[in-house]
Amino acid sequence: MSVDLKKTTSNGHEKMLIPQEQQGKINEVRRLIGPLSGKASVYCSDASISRYLRARNWNVKKAAKMLKQTLKWREEYKPEEIRWEDIAQEAETGKIYRSNYIDKHGRTVLVMRPARQNSKSTKGQIKYLVYCMENAILNLSPEQEQMVWLIDFQGFNMSHISIKVTRETANVLQNHYPERLGLAILYNPPKIFEPFFTMVKPILETKTYNKVKFGYSDDQNTKKIMEDLFDLEHLESAFGGNDNTPFDINKYAERMKEDDTKIPSFWTREISPSSVPIDVPSLDSIKLDTDSDASDNEKIVSSSDSVTDIGSVDPDQNSIIQEDRNANAAMH
């Protein structure tokens, strides 16, 4: 049964607070976290604390607990110290890379190609993912804090994916990079992938789950969404764009090495006052009804297909659902 979309906490939607209320909660989290120094102080900007609060629906105690866990993880894992030479072997096939373009909202783009998986090491794969996340954040524009994932399923089969790696990916993304993912587009996923996605649904938080969308190259609405999101001259042809340039590991390595030189200054910079991120209008103004447990996203559906929650995707349904949640303040 279809119902009108409502903003409810049970659906994973955050409370709507005025700026003064948001700042008050940020200050409360700071009080619970206590004095900070060094990289922890740089990490805990107002914008960063705001992301943790949004991830926990503005519950101060839960957000503070989550942030403390991340600070402990960062102290032990030291993601900001990972360099290209540490993960170059994982990167050589182009299974994950930061594109040389951004979307029309200034979000960095990570391209993922599961069929190019070249490693059996969960530790190595997660280390490379963390490096890519840190690099994508490093390259965000000052007014942006989120990124887009484009996942190309060309050549994919089930041997390219692992429940263990998927679980750890979800853990790292959701617990230590909250509100960094703006949208993940699964492009041309085969039917064999859909049962797997349904199976991993329980390990995804509602807000993360609602950001994962299916897109298909033969669907006109998918094409429209990609045109709205990207400059097609720069978008790879695999995603409906006009750029046929193949991935070049040598050129990419040079880009990453250059970015690595910027990391020390990123973590020693002065923290300027940052505003709490705010929503901006979505790309498309068409609002449709959806199932009661789905996200409060705007949805565009191809042809005469009906709207369905992404967890129960009909294999014959070629639809892409566009969520656009942008925010200010790109620092950690």
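## Ring pairs, a pocket and salt bridges

In this predicted model, ring pairs join F153, F156, F193, F196, F197, Y209 and F214 into a cluster.

User: How many aromatic pairs does the structure hold?

Analyst: A pair of aromatic rings is described by the distance of the centres and the angle of the planes. Centres within 6.5 Å make a pair. By that rule, the count of aromatic pairs is 18.

User: Is the pair of W84 and Y131 stacked, tilted or edge-to-face?

Analyst: The ring centres of W84 and Y131 lie 6.3 Å apart, with 55° between the planes. Stacked needs under 30 degrees, and edge-to-face needs over 60. The angle fits neither class, so the pair is tilted.

User: Which helices does the pair of W84 and Y131 link?

Analyst: The two residues are 47 residues apart, in distant parts of the chain. Both W84 and Y131 are buried. W84 belongs to residues 84–91 and Y131 to residues 122–138, which are helices α5 and α6.

User: How are the rings of F153 and F156 set, and are these residues buried or exposed?

Analyst: Their centres are 5.1 Å apart and their planes differ by 75°, an edge-to-face pair. Buried means under 20% relative accessible area. F153 has 6% and F156 has 9%. Therefore F153 is buried, and F156 is also buried.

User: Which element gives the largest share of the lining of the largest pocket?

Analyst: The largest pocket holds about 810 Å³ of space. At least two lining residues come from each of α6, β3, α7, β4 and α8. The largest share is 5 residues, and these come from α7.

User: Which residues lie nearest the centre of the largest pocket?

Analyst: The lining has 33 residues. They divide into 21 nonpolar, 9 polar and 3 charged. Nearest the centre are M112, I161, V165, T166 and T169.

User: How many salt bridges does the count come to?

Analyst: Side chains of opposite charge can pair when their charged atoms come close. The cut-off here is a nitrogen of Lys or Arg within 4 Å of a carboxyl oxygen of Asp or Glu. With this rule, the number of salt bridges is 19.

User: Why does D46 count as buried, and how does R30 count?

Analyst: D46 and R30 form a salt bridge, with the closest N and O atoms 2.9 Å apart. The pair links helix α3, which holds D46, to helix α1, which holds R30. D46 counts as buried because its relative accessibility is 16%, under the 20% limit. R30 has a relative accessible area of 32%, so R30 is partly exposed.

User: Which residue forms a salt bridge with R113?

Analyst: R113 sits in the loop between β2 and α6, and its partner is in strand β3, 39 residues apart. Both residues are buried. The closest N and O atoms are 2.9 Å apart, and the partner is D152.

User: Which helix holds both D228 and K224?

Analyst: Their side chains meet in a salt bridge of 2.7 Å, N to O. D228 is buried at 19% relative accessibility, while K224 is partly exposed at 38%. The two lie 4 residues apart, about one turn of the helix, in α10.

User: Which residues are linked in a network of salt bridges?

Analyst: The charged side chains in a salt bridge are Lys or Arg on one side and Asp or Glu on the other. This network has both kinds. Its members are R51, R54, E145, E179, K207 and K211.

Notes
Residues are numbered from 1 along each chain as its sequence is written. This is a predicted model: local features need pLDDT of at least 70, side-chain atom pairs count only at pLDDT 80 or more; totals for chains, interfaces and linings use all residues. Side-chain values use heavy atoms; hydrogens and water are left out. Rings of Phe, Tyr and Trp (its six-membered ring) pair if their centres lie within 6.5 Å; planes under 30 degrees apart count as stacked, over 60 as edge-to-face and the rest as tilted. Buried means under 20% relative accessible area, exposed over 50%, partly exposed in between (1.4 Å probe, protein chains only). On a 1 Å grid over the protein atoms alone, a cavity is a set of points where a 1.4 Å probe fits but cannot get out, and a pocket is an open set with protein on both sides within 12 Å along at least five of seven lines; lining residues have an atom within 4 Å of a point. Grid points are joined across faces, edges and corners, and a volume is the space filled by probe spheres set on the points. Ala, Val, Leu, Ile, Met, Phe, Trp, Tyr, Cys and Pro count as nonpolar, Asp, Glu, Lys and Arg as charged, and the others, Gly among them, as polar.
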